[in-house]
Amino acid sequence: MADHLRKGKVIGVNGNMVSVEFETNVIQNEVAYIVQDKDRLKSEVIRIRGRRAELQVYEDTDGVRVGDDVEFSGELLSVELGPGLLGQVFDGLQNPLPRLAEAHGFFLKRGVYLNALEEEQKWEFTPTVNVGDKLRAGMRVGFVPEKIFEHNIMVPFNIAKEVEVLEVVEKGKYDLKQVIAKVKDANGKTHMLTMKVTWPVKVPIKAYIKKIKPEKPLVTKIRIIDTLVPVAIGGTFCTPGPFGAGKTVLQHLLSRHADVDIVVIAACGERAGEVVEVLKTFPELIDPKTKKTLMDRTIIICNTSSMPVAARESSVYTAVTIAEYYRQMGLNVFLLADSTSRWAQAMREMSGRLEEIPGEEAFPAYLESRIASFYERAGIVQLRDGKVGSVTIGGAVSPAGGNFEEPVTQSTLKVVGAFHGLSRDRANARRYPAIDPLQSWSKYESFIDAEALKSATAILKRSDEINQMMKVVGEDGTGIEDFIDYLKGEFFDAVYLQQNAFDKIDEATIAERQTYVFNLISDIIKSKFQIESKDEARKFFLELRQKFINWNTLEFQADDFKKIEQDILEQIKSKKAV
Amino acid sequence: MHKVYNEIIQISGDVITVEAKDVGYGELAEVQTQGGVSLAQVIRLDRDRVSLQVLAGSRGIATNDKVRFLKHPMQVSFSENLLGRIFTGSGQPRDNGPALEENLSNIGGPSVNPSKRIVPKNMVRTGIPMIDVFNSLVESQKLPIFSVAGEPYNPLLARIAMQAEVDLIVLGGMGLKYDDYLFFRDTFDKHGVLPKSIFFIHTASDPTVECLLVPDMCLAVAEKFALDGKKVLVLLTDMTNFADSLKEIAITMEQIPSNRGYPGDLYSQLAKRYEKAVDFDDAGSITVLAVTTMPGDDVTHPVPDNTGYITEGQLYLKNGHIEPFGSLSRLKQQVNGDTRDDHRAIMDRMIQLYADFKETIEKKSMGFQMSEWDDKLLKYGGRFEKELMDLSLNIPLEGALDKGWEILSSIFEPAETGIKDSLIKKYWKKK
């Protein structure tokens with residue numbers, strides 16, 4: 001192709017932005033390589049003015065000279081999709097990090113790119129179609145087993161109309177380069193299908209019949225989320241919080257316990273150490289549902305803070321594209337992005353170098369639309385084979401100074417379905433997860449009875465009001481009934497909303513147990529108690545709290561669980577007004 | 001052959017521009033002025049216009065001064081000869097020793113492949129309960145000390161260094177007061193750690209651009225020693241001065257500022273340095289402790305704010321002690337599960353109770369009557385501050401935990417502590 005001959009020359013370098021003078025034509029957002037001695041530095045065209053194009057370089061630009069050659073590839077930034085993604089660790093450009101380490105040791109060598117999928121690896125392919133079958137994009141021609149899933153091999157997503165199967169191979173072992181089927185499209189063009197496809201990361205995959213409204217709750221096993229601010233399968237939520245409020249710990253808990261098929265973790269511009277923790281612990285943790293290690297259902301896209309900034313920008317797109325790919329197989333995929341603020345900052349850095357007119361806090365004017373179109377890639381969809389698949393997106397946000405009024409948080413809040421705001425006060429008081437129950441909201445429905453929830457949230461609000469009031473009028477100026485309401489709120493917070501992430505049992509609560517425990521707490525909240533003095537009230541609730549905290553660490557419906565339950569019921573009975 | 005250019009077409013701040021060909025981004029050059037020779041670094045290329053930041057500052061540079069490009073980026077020497085030596089930010093001797101030019105390597109190298117990192121697991125004991133019990137320091141951690149001017153952050157830094165079990169200490173001073181530099185030198189000397197230390201010192205009176213190089217010099221050297229199997233502790237003070245230097249150069253280069261004049265890439269610039277902290281598989285490690293002064297005691301100021309998002313926790317130094325709220329070692333969970341079974345419970349509950357105490361103090365100061373519970377909290381808070389928070393304490397972790405139980409037992413009923421029964425049974429001290 002003539003495209004391969006398109007070249008240019010470097011005429012300027014400013015940080016990770018390189019200006020290039022080109023000869024023939026260039027395509028906006030196409031991938032280009034700067035040829036630098038032996039290195040080929042991957043970059044993307046982000047602006048064209050006359051004969052001058054600006055590239056953002058996915059590598060360190062040290063040593064790049066004016067006059068260096070640039071080669072344009074004609075392709076948009078794409079990822080490889082096929083069997084072998086599960087359990088992998090990629091950087092923002094989908095380079096497999098463990099294989100890079102094998103080849104190049106401790107450090108990330110510049111200009112080295114490896115195929116995301118190992119082409120030589122053979123997979124046991126089972127065809128599911130016959131010659132003559134009519135298919136649409138995204139429908140399967142067969143499957144291979146990948147970890148615990150049937151990995152569908154599908155008609156490429158970019159074929160617009162119906163295709164007819166001309167040939168399909170027999171059941172057997174094939175590698176990723178071998179043609180496993182031939183199909184003819186409506187225009188009579190023949191397509192050779194392999195088990196591997198590529199897809200441009202910034203374009204959503206739309207090979208489905210329709211999007212469905214997300215309504216079914218996604219059980220995260222985090223009580224405060226499932227009960228008060230639930231997430232729906234195919235929904236979106238964001239978790240803004242100042243540093244130290246526990247965003248990452250919360251994301252890790254979600255990635256471990258959420259009731260989904262596949263988890264994609266996008267570690268975007270955050271600490272490398274946090275990714276390492278996932279890398280080292282997940283292969284050892286057993287998923288109670290599948291009895292396999294958590295790594296078997298996890299894909300990690302990791303572009304940590306010290307890795308090149310431009311690749312950070314692409315890492316969230318890489319992650320969401322992979323998530324959409326598995327969604328096409330009828331699976332529920334959960335994408336956790338930590339942190340979308342770093343992604344926004346990467347856009348800001350580039351915008352600054354392009355000398356675009358800055359918006360608020362120097363973020364570019366297109367910040368809001370970029371954030372919106374990212375979250376819009378979540379959803380639950382009806383597939384052409386009748387199955388339903390989903391992508392749920394949860395993004396951590398790191399607002400500057402912990403102030404939620406900043407542009408990234410505000411733009412995100414406009415487009416998500418649930419807001420889990422972390423509060424520094426709660427974190428300082430070691431009330432984890434530090435989601436502020438009064439400030440946070442969700443547009444989705446919980447599996448807990450809505451009426452019971454109303455009284456529970458009411459008591460939280462009331463308790464907070466009384467607490468504020470007590471700071472002014474003092475405990476003495478507070479009536480006993482108000483005081484008991486205050487204690488009820490605190491009790492609900494301490495034994496239910498707070499959860500001990502370091503206790504094997506307490507860290508994850510299944511839906512059945514949540515409902516069970518919540519009903520008892522709801523009963524306590526609604527009850528009137530015969531208590532005379534405030535000290536007596538405090539003592540009563542402290543004891544009750546102590547019992548609940550012990551209760552939370554015991555296996556659901558085990559003998560000792562039931563024993564403590566009896567104890568709790570008796571204590572409640574002893575003071576309950578008839 | 002190095003071509004010499006002698007036409008400087010622009011001088012603005014500490015940045016000069018010359019017209020030159022075949023120059024690499026990040027490359028080093030020598031500028032020959034009346035006053036001597038200074039190094040300069042390429043920070044922007046635009047066709048033939050090459051902008052360089054001059055390490056010694058632009059004062060006294062004439063438009064016809066000679067600029068010679070060296071064809072390599074900033075480098076630092078690495079050998080055992082560095083030990084016990086003191087250098088400037090650009091690697092020139094500050095003591096009376098010889099200049100080192102053997103075994104040169106580039107500074108600011110590539111980052112470590114995350115899949116080659118290991119989960120840190122070794123606790124660094126300091127004998128300070130506020131660190132050991134509540135915010136355990138871990139090998140390979142990057143931890144800033146947030147502080148305001150006037151707090152004893154440099155003595156604290158020095159003290160942790162004295163007591164930490166490491167093979168090597170690299171001290172980076174940025175905008176350091178000359179007195180403080182002497183303090184570090186003399187203290188290290190007195191305690192016999194100078195021979196295993198390397199200093200890169202930029203004092204407040206040195207040129208701004210040199211300040212920018214200090215962290216990279218320190219970390220490049222630390223990395224070499226760590227790969228050689230050494231446990232290295234890097235001490236940096238003060239990173240706010242580093243950020244201010246970044247700001248100065250960015251403004252000179254007419255970059256659009258993002259927040260309070262700081263460049264938009266402040267986070268990435270800081271992260272690039274802090275992320276050098278690492279524990280190499282089968283080799284040594286780098287632990288970074290960095291002072292970040294907060295202008296106006298404001299943690300939302302861009303420098304401490306961005307730092308907090310990068311580092312693995314932070315220590316707040318306030319009124320001469322490490323604040324129990326806000327101070328956090330994110331890696332403590334890696335080590336405090338293996339110390340003693342009560343470590344985590346004591347850590348969590350004592351802080352929660354201290355938070356309750358603070359509320360009670362507030363109520364008391366507003367003149368409210370104290371309940372029985374308030375009285376207990378008041379008693380508790382007093383003892384906690386005196387017996388555990390004081391920075392001059394030096395007790396081993398186990399001793400500090402026992403002290404915690406003693407305080408709790410003497411004031412509260414077991415149920416009031418909210419600690420689970422199995423631990424109460426084991427450690428509660430009967431009256």
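Which residues of α3(A) are buried? They are Lys247(A), Thr248(A), Leu250(A), Gln251(A), His252(A), Leu253(A), Leu254(A), Ser255(A) and Arg256(A). Keep in mind as you read on that this is a predicted model.

## A covered helix in chain A

Helix α3 of chain A runs over residues 247-257, and 9 of its 11 residues are buried, so "mostly covered" is a fair tag for this helix. The buried list takes in charged residues by name, Lys247(A) and Arg256(A), along with leucines such as Leu250(A), Leu253(A) and Leu254(A).

And what does the covering? The cover for the buried residues of α3(A) includes the strands β19 (236-240), β20 (262-268), β22 (332-338) and β24 (388-397) of chain A, plus helix α4 of chain A.

## The big nonpolar core

The largest nonpolar core counts 297 residues. Inside this core, the residues with the most contacts are Val264(A), Ala266(A), Leu335(A) and Val234(B). The element that gives the most to the core is helix α4 of chain B (residues 208-227), which puts in 13 residues. As a general point, nonpolar side chains in soluble globular proteins tend to be buried together.

Leu335(A) is a handy residue to click on. Skipping its neighbours within four places in sequence, Leu335(A) is in contact with Val264(A) and Ala266(A), with Ala319(A), Val320(A) and Ala323(A), and with Val391(A), Thr392(A) and Ile393(A).

## Domains and a small sheet in chain A

Chain A splits into four pieces: domain 1 (2-76), domain 2 (80-106 + 209-441), domain 3 (122-195) and domain 4 (450-575). Between domain 2 and domain 3 of chain A, the C-alpha centres are 31 Å apart. The contact there brings together 13 residues of domain 2 of chain A and 15 residues of domain 3 of chain A. On the domain 2 side, the split is 5 nonpolar, 4 polar and 4 charged.

Also in chain A, 4 strands make an open sheet with antiparallel pairing, in the order β12-β11-β9-β14. At the edges are β12 (149-154) and β14 (172-175) of chain A, each pairing on one side only. On average, neighbouring strands of this sheet are turned by 45 degrees against each other, direction ignored. Looking at one pair, β9 (residues 122-127) of chain A and β14(A) share 4 bridges in the antiparallel sense, and Trp123(A) sits opposite Tyr174(A) in β14(A).

## Where the two chains meet

How many residues of chain A are in contact with chain B? There are 68, and they meet 60 residues of chain B. On the chain A side, the elements that give two or more residues are β1 (7-14), α1 (97-104), α4 (272-281), α6 (340-353) and α13 (534-552) of chain A. The largest share, 9 residues, is down to α13(A). By class, this side of chain A is a mix of 27 nonpolar, 21 polar and 20 charged residues.

Strand pairing also crosses between the chains. β1(A) is joined by 2 bridges to strand β5 (residues 36-46) of chain B, and the two run antiparallel. Gly12(A) has Asp46(B) in β5(B) as its bridge partner.

## Chain B at a glance

Chain B has 13 helices and 23 strands. Its C-alpha atoms fill a box of roughly 85 × 50 × 40 Å along the principal axes. Of the 431 residues in chain B, 52% are buried. Sequence-distant pairings count for a lot here: among contacts in chain B between residues at least 6 apart in sequence, 72% join residues at least 24 apart.

The domains of chain B are domain 1 (4-73), domain 2 (76-330) and domain 3 (343-427). Domain 1 and domain 2 of chain B have C-alpha centres 29 Å apart, and their contact takes 13 residues from domain 1 and 10 residues from domain 2. On the domain 1 side, β5 and β6 (49-54) of chain B are the elements that give two or more residues, with β5(B) supplying the largest share, 3 residues.

## Back to β5(B) and its partners

Within chain B, β5(B) pairs with strand β4 (residues 28-33) through 6 bridges, running antiparallel. β4(B) and β5(B) form a hairpin with 2 residues between them. Val31(B) has Ser38(B) in β5(B) as its bridge partner.

β4(B) is also joined by 4 bridges to strand β7 (residues 66-69) of chain B, again antiparallel. In that pairing, Val31(B) stands opposite Val67(B) in β7(B).

Technical notes: Residues are numbered from 1 along each chain as its sequence is written. Chains are lettered from A and ligands numbered from 1 in the order in which they are written. This is a predicted model: local features need pLDDT of at least 70, side-chain atom pairs count only at pLDDT 80 or more; totals for chains, interfaces and linings use all residues. A nonpolar core is a set of buried Ala, Val, Leu, Ile, Met, Phe, Trp, Tyr and Cys residues joined through C-beta atoms within 7 Å. A residue is buried if 20 or more other C-beta atoms lie within 10 Å of its own, exposed if 12 or fewer, and partly exposed in between; C-beta atoms are placed from the backbone. Two residues are in contact if their C-beta atoms, placed from the backbone, lie within 7 Å. Two strands pair if DSSP finds at least two bridges between them. Axes are lines fitted to C-alpha atoms, for helices over the stretch in contact, and angles run from 0 to 180 degrees between N-to-C directions. Domain bounds come from an automatic or database domain assignment.
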